[in-house]
Amino acid sequence: MKHVDVLVRGAGIVGQSLALSLARLGLQVGLRPEEPRAKADPAAPDVRAYALNASSVALLKSLKVWDALPAHAATPVYDMHVQGDAEGAAIAFSAWEQRSGELAWIVDAPVLERELGAALRFSPHVHVLSAAQADHVKADLVALCEGKASATRAALGVRFERHDYGHSAIAARLVASTPHQGTARQWFRAPDVLALLPFDAPEPQRSYALVWSLPRERCAELMALSDEDFAAALMAATRGEAGELKLASARAEWPLAIAQASAWSGPGWVLLGDAAHLVHPLAGQGLNLGLADVAALTRVVESREPWRPLSDEKLLRRYVRARALPTWAMGRVTDGLLQLFSHEAPAARELRNRGLGLVNRLTPIKRWLTARALDS
């Protein structure tokens, strides 16, 4: 193969979804997986889990991937309880209150990647390329989905303007003594944010995906604990409100930052997903932003004038305009929440805890906030 319409560099969830989405338009798509990175422990299981909103689920359904997921790999969230760091400071969201079937779905990342890969094998318009093949294929458009460490983005001279929070996130799979009943739980406390996302593996109705972001020093201390001592730290942090929690997997960690590429498109190239933007995981919107990029670029390509080439900069700027504001707004929201809840000053503590209680009593505002999360 000497020519493709679009070369997608990066075969994670965003890259695979983009390849499938553009192939459905009849375009010839080359997919170039990024080079695998060395893992600290190659035998450790992949414990990533993502909270997907309605728009992301709709995209995956259109790609014929969502319905192929096994039941244990996608768990609905019906309720969400968020607690501050003072007695009575809390806010609760419910799908019933939003008049929706569910608030979100918690999805097993490696299983989703596997099913996307299976769908790609049945797509005649997608061609998986090796590094050598990709270097010799001409493409009208190159879509960079290589993630936050994109080498191609750097080679193009695009700056990745990054602010390191000095925090890291710990992820793991847990099993609880009591059923989760489709309830996600989150604790905002200076200086950490802890989330328990309902999951159905390894035990149906009793499992959670953990995402716990903390200052890097405290994170290192927790990672060094035995499984039993880590579970005890979890119990102290959650006050047993989700039942007795036990580790059901190895723990993983990664550094947290907010970042934005200095340019998202240029002549014949475009950025999507973490190659374009990073946000804090406290709102669970990172992958949703990436899949919204996929949907937006697909719409732009599908609606382009017949005479306009895929490499046209004006065409690609339509995609950038569609995604710049929603992505900027989500970054500001997550960064603002982190800043508000990371300060230990009494005035900041009083403000955030009063704010949680106030919003919890204002049903219209709660509905508006939930709708933004469902549709972003």
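**Close-up views of a predicted model**

**Figure 1. Gln-181 lies in the loop that runs between β10 (160–176) and β11 (183–189).** The model shown here and in the views that follow is predicted. Phi of Gln-181 is near 55°, which is a positive value in a residue that is not glycine. Most residues other than glycine have a negative phi. Gln-181 counts as exposed because its relative accessibility is 61%, and the cut-off for exposed is over 50%.

**Figure 2. The loop between β12 (192–199) and β13 (207–215) contains Pro-202, and Gln-205 is also placed in the loop between β12 and β13.** The peptide bond leading from Ala-201 to Pro-202 is cis, and its omega is near 15°. Most peptide bonds are trans. Gln-205, a residue other than glycine, has a positive phi, near 70°. With a relative accessibility of 38%, Gln-205 counts as partly exposed.

**Figure 3. Strands β3, β7 and β4 form an open sheet of three strands, in the order β3-β7-β4.** The pairing in this sheet is antiparallel. Strands β3 (49–52) and β4 (74–77) stand at the edges, and each has a single partner strand, so one side of each is left without a neighbour in the sheet. On average, neighbouring strands of this sheet are turned by 25° against each other, with direction ignored. Strands of a sheet pair through backbone hydrogen bonds. Four bridges join β3 to strand β7 (residues 104–108) in the antiparallel sense. Ala-51 has Ile-106 in β7 as its bridge partner.

**Figure 4. Asn-288, a residue of helix α9 (residues 286–302), is buried.** The relative accessible area of Asn-288 is 1%, and buried means under 20%. Which backbone atom does the side chain of Asn-288 reach? The side chain of Asn-288 comes to 3.0 Å from the backbone nitrogen of Asn-53. When neighbours within four places in sequence are left aside, the residues in contact with Asn-288 are Ala-51, Leu-52, Asn-53 and Ser-56.

**Figure 5. Trp-66 belongs to the largest nonpolar core, which has 63 residues.** The members of this core that touch the most other members are Val-8, Leu-18, Leu-52, Trp-66, Leu-112, Leu-272 and Tyr-319. Not counting residues up to four places away in sequence, Trp-66 touches Leu-52, Val-57, Leu-60, Lys-61, Ala-74, Trp-105 and Val-107. Another core, of 20 residues, lies apart from the largest one, and its members include Leu-174, Trp-212, Cys-219 and Leu-245.

**Figure 6. A salt bridge joins the side chains of Arg-9 and Glu-146.** The structure holds 14 salt bridges. Side chains of opposite charge can pair when their charged atoms come close. In the pair formed by Arg-9 and Glu-146, the distance from N to O is 3.6 Å. The two residues are 137 residues apart, and the pair links distant parts of the chain. Arg-9 lies in strand β1 (residues 3–9), whereas Glu-146 lies in the loop between β9 (138–144) and α6 (151–155). Arg-9 and Glu-146 are both buried.

**Figure 7. Asp-108 and Arg-173 form a salt bridge, with their closest N and O atoms 3.3 Å apart.** This pair also links distant parts of the chain, because Asp-108 is in strand β7 and Arg-173 is in strand β10, 65 residues apart. Are these two residues buried or exposed? Asp-108 is buried because its relative accessible area is 7%, and Arg-173 is likewise buried, at 8%. Both values answer to the cut-off for buried, which is under 20%.

**Figure 8. Arg-218 and Glu-221 meet through their side chains in a salt bridge within helix α7 (residues 216–223).** The N to O distance of this pair is 3.2 Å. Arg-218 and Glu-221 are three residues apart, about one turn of the helix. Arg-218 is partly exposed, with a relative accessible area of 37%, and Glu-221 counts as partly exposed at 46% relative accessibility. Elsewhere, Glu-305, Arg-308, Asp-312 and Arg-318 are joined into one network by salt bridges that share partners.

Note on methods. Residues are numbered from 1 along each chain as its sequence is written. This is a predicted model: local features need pLDDT of at least 70, side-chain atom pairs count only at pLDDT 80 or more; totals for chains, interfaces and linings use all residues. Side-chain values use heavy atoms; hydrogens and water are left out. Buried means under 20% relative accessible area, exposed over 50%, partly exposed in between (1.4 Å probe, protein chains only). A polar contact is a pair of N or O atoms within 3.5 Å; within protein, one must be able to donate a hydrogen and the other to accept it, and residues adjacent in sequence count only if both atoms are side-chain atoms. Contact means heavy atoms within 4.5 Å. Two strands pair if DSSP finds at least two bridges between them. Axes are lines fitted to C-alpha atoms, for helices over the stretch in contact, and angles run from 0 to 180 degrees between N-to-C directions. A nonpolar core is a set of buried Ala, Val, Leu, Ile, Met, Phe, Trp, Tyr and Cys residues joined through side-chain atoms within 4.5 Å. A salt bridge is a side-chain nitrogen of Lys or Arg within 4 Å of a carboxyl oxygen of Asp or Glu.
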